[in-house]
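Colleague: I am new to this structure. Could you walk me through how to read it?

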Amino acid sequence: THVKSSQILACYTAPHNRHCPGDRESGCDAHTVPLGLPPQTARSGVLHERVPARRTPAGVMPLSIEHVSFGYDRQQDRDGTFSLRDVSATIQRGSLTGLLGPNGCGKTTLLKLIAGVLQPDEGAIMLEGRSIAQISRRALARHFALVPQETHPAFDYSVLEMVLMGRHPHLGAFQLEGPEDLVIAHSCLSATGTAHLADRPYMTLSGGEKQRVVIASALAQEPE
């Protein structure tokens with residue numbers, strides 16, 4: 001189904017608690033931006049209260065989603081197959097942003113589009129003034145880390161091996177992880193409270209433990 005007035009997909013940038021004296025105003029305010037909806041729907045379904053937000057360095061280019069449309073099956077779209085239509089939003093670097101909406105309204109689809117896992121049918125996703133379609137997957141992985149809802153590895157990796165996969169964007173072709181990569185991986189395991197699971201097979205963990213390990217892998221990726 002298309003996004004309806006009762007299924008609002010919105011982008012919310014949260015306020016920051018502190019402002020450092022001397023920082024220049026970035027122009028990034030905390031607000032709710034409805035995605036892919038006509039203005040009259042946005043006005044009726046989303047509050048537009050603006051409050052001060054985190055300040056980011058002057059001149060930093062944001063992540064920009066520009067009139068993006070996507071459908072999983074364009075041939076059947078007229079029969080009710082899910083699609084996103086004309087989604088636009090700007091996310092400032094250093095901000096904390098959430099996608100709000102009920103199940104099935106397109107939040108995960110939009111995240112996959114931003115991460116380059118899916119390609120939009122129309123529109124573009126820009127990072128630092130460049131379309132992400134023009135950025136290599138390795139370079140893009142240094143900017144983005146995606147934590148999926150479920151992770152199903154092809155082999156029976158250990159927890160430490162799963163976290164070390166986050167280091168791949170920083171390695172050359174056929175290069176193996178070195179001592180520094182191991183230090184980073186163990187640090188990320190400690191940060192997520194999973195250091196004691198390092199030698200366990202990933203698939204033997206509980207659902208919550210698996211998710212914390214995947215978060216550790218995303219931290220090890222050191223995205224910007």
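Modeller: We will go through the sheet, two backbone angles, the salt bridges and a surface patch. Keep in mind that this is a predicted model.

Colleague: Start with the sheet. What is the strand order in the open sheet of 4 strands?

Modeller: Read a sheet from one side to the other. Here the order is β4-β3-β6-β7, and the pairing is antiparallel.

Colleague: Which strands stand at the edges?

Modeller: Look for strands with a single partner. β4 (83-91) and β7 (130-131) are the edge strands, so one side of each has no neighbour in the sheet.

Colleague: Over how many bridges do β3 and β4 pair?

Modeller: Strand β3, residues 63-71, pairs with β4 over 6 bridges, in the antiparallel sense. For one point along that pairing, find Ser-64: Thr-90 in β4 stands opposite.

Colleague: Which strands does α2 touch?

Modeller: Helix α2 packs on the sheet and touches β3, β4 and β6. The direction of α2 makes about 120 degrees with that of β3.

Colleague: Now the backbone. What sign does phi have in most residues other than glycine?

Modeller: The general idea is simple. Most residues other than glycine have a negative phi. Now look at Asp-86. Its phi is near 55 degrees, a positive value. Asp-86 lies in strand β4.

Colleague: Is Asp-86 buried, partly exposed or exposed?

Modeller: Partly exposed, because its relative accessible area is 44%, and that class lies between the 20% limit for buried and the 50% limit for exposed.

Colleague: What is the phi of Glu-222?

Modeller: About 50 degrees, which is positive although Glu-222 is not a glycine. Find Glu-222 in the segment after α6 (207-220). Its relative accessibility is 41%, so Glu-222 counts as partly exposed.

Colleague: Next, the charged side chains. How do I recognise a salt bridge?

Modeller: Look for a side-chain nitrogen of Lys or Arg within 4 Å of a carboxyl oxygen of Asp or Glu. By this rule the count comes to 2 salt bridges.

Colleague: Which residue forms a salt bridge with Asp-181?

Modeller: Arg-167 does, with the closest N and O atoms 2.9 Å apart. The pair links distant parts of the chain, 14 residues apart. Arg-167 sits in the loop between α4 (159-164) and α5 (179-191), while Asp-181 is in helix α5.

Colleague: Are Arg-167 and Asp-181 buried or exposed?

Modeller: Arg-167 is buried, because its relative accessible area is 4%. Asp-181 has 8% relative accessibility, so Asp-181 counts as buried too.

Colleague: And which side chain meets that of Glu-222 in a salt bridge?

Modeller: The side chain of Arg-167, at 3.1 Å from N to O. This pair also links distant parts of the chain, 55 residues apart. Put the pairs together: Arg-167, Asp-181 and Glu-222 are linked in a network of salt bridges.

Colleague: Last, the surface. Which residues make the nonpolar surface patch?

Modeller: Leu-111, Val-117 and Leu-146 make a patch of about 230 Å². Take Val-117 as an example. Val-117 is in the loop between α2 (107-115) and β6 (122-127). With a relative accessible area of 46%, Val-117 is partly exposed.

Methods
Residues are numbered from 1 along each chain as its sequence is written. This is a predicted model: local features need pLDDT of at least 70, side-chain atom pairs count only at pLDDT 80 or more; totals for chains, interfaces and linings use all residues. Side-chain values use heavy atoms; hydrogens and water are left out. Patches are made of residues with over 30% relative accessible area and no salt bridge: like charges are joined within 9 Å, nonpolar side chains (Val, Leu, Ile, Met, Phe, Trp, Tyr) within 5 Å. Accessible areas come from the Shrake-Rupley method with a 1.4 Å probe; for residues, only the protein chains shown count as cover. Buried means under 20% relative accessible area, exposed over 50%, partly exposed in between (1.4 Å probe, protein chains only). Two strands pair if DSSP finds at least two bridges between them. Contact means heavy atoms within 4.5 Å. Axes are lines fitted to C-alpha atoms, for helices over the stretch in contact, and angles run from 0 to 180 degrees between N-to-C directions.
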